[in-house]
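Here's a quick briefing for anyone meeting this chain for the first time. Have a look at the model, then read on.

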Amino acid sequence: MIQRIQSLWLLCAALILLFTLFIPYAMQSSSTTDTDIVTQVSINNRSQLWLTIATTLGAFASLFTIFMFKNRPLQMKLTLLCILLTLLTGTGMLYTTFQQDLNFTLAVGLVGNKLYIGILLPLLSSLLLLMAYRAIRADEKLIKSVDRLR
């Protein structure tokens, strides 16, 4: 049921997680030995294969969770799995940023003409997933209390 608030939270979390494939979160500096020109390359989740897989898996799991509304305990477990995948994605982004041999620098905000907010998107997505989990749990409590009254 799309009209439930947790469905909207799950949909927004999936969309935000998919945005991390396109919005950069770091820059890679590289320079040539012949000239003193330093080039900055934007890094997003499509730069690393395992980050791409974790991101798309988390987003599609969030979308799949929307349609499990008839089985709320399973929906709660899938939401927790989505939170775990989202946090794994964010941790992976930080890990690839702070590797010493790749010359990545973490960027947040407006740098040059690009907006670098990609590192904040998994955190926002996990917050939305947490809000969806709380709404699903509230629905489950409501159903159990109504069953108790019968």
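Let's start at a small spot: A107 sits in the loop between strand 3 (104–106) and strand 4 (109–111), where helices (H or I, at least four residues) and strands (E, at least two) are DSSP runs numbered from the N terminus. This is a predicted model, so local features need pLDDT of at least 70 and side-chain atom pairs count only at pLDDT 80 or more, while totals for chains, interfaces and linings use all residues. Residues are numbered from 1 along each chain as its sequence is written, and side-chain values use heavy atoms, with hydrogens and water left out.

**Two spots to find**

- A107 has a relative accessible area of 4%, so it is buried (buried means under 20% relative accessible area, exposed over 50%, partly exposed in between, with a 1.4 Å probe and protein chains only).
- From A107 to T97 you count 10 residues in sequence, and C-alpha to C-alpha they are 9.5 Å apart in space.
- Q28 belongs to strand 1 (residues 26–31), and its 27% relative accessibility makes it partly exposed.
- Q28 and Q40 are 12 residues apart in sequence, yet their C-alpha atoms are 5.6 Å apart in space.

**The whole chain**

- There are four helices and five strands in the chain.
- Going along the sequence, you'll meet them in the pattern α-β-β-α-α-β-β-β-α.
- The chain has 150 residues, and 40% of them count as buried.

**Helix 1 and helix 2**

- Helix 1 has 15 residues, which at 1.5 Å a residue should span 21 Å, and its end C-alpha atoms are indeed 21 Å apart (the expected span is 1.5 Å times one less than the number of residues).
- On helix 1, the buried residues are Q6, S7, L10, A13, A14, I16 and L17.
- Helix 2 (residues 49–66) works out as well: its 18 residues should span 26 Å, and its end C-alpha atoms are 26 Å apart.
- Buried residues of helix 2 include L51, A54, T55, G58 and A59, along with A61, S62, T65 and I66.
- Looking down the axis of helix 2, those buried residues fall within an arc of 160 degrees, so they line one face (the arc is that of the directions from the helix axis to the C-beta atoms).
- Turned away from that buried side of helix 2 are the exposed residues L49 and F60.

**How the helices pack**

- Helix 1 and helix 2 pack at about 165 degrees, with axes 8 Å apart (axes are lines fitted to C-alpha atoms, for helices over the stretch in contact, and angles run from 0 to 180 degrees between N-to-C directions).
- That makes helix 1 and helix 2 roughly antiparallel (angles over 145 degrees count as roughly antiparallel, under 35 as roughly parallel, 65 to 115 as roughly perpendicular and the rest as oblique).
- Helix 2 and helix 3 pack at about 160 degrees, with axes 9 Å apart, and are therefore roughly antiparallel too.

**The nonpolar cores**

- The largest nonpolar core has 11 residues, among them L10, A61, C82 and L128 (a core is a set of buried Ala, Val, Leu, Ile, Met, Phe, Trp, Tyr and Cys residues joined through side-chain atoms within 4.5 Å).
- Helix 1 (5–19), helix 2, helix 3 (72–97) and helix 4 (121–149) each supply at least two residues of this core.
- Helix 4 gives the most to this core, with four residues.
- A second, separate core has seven residues, including A26, I43, L51 and I119.
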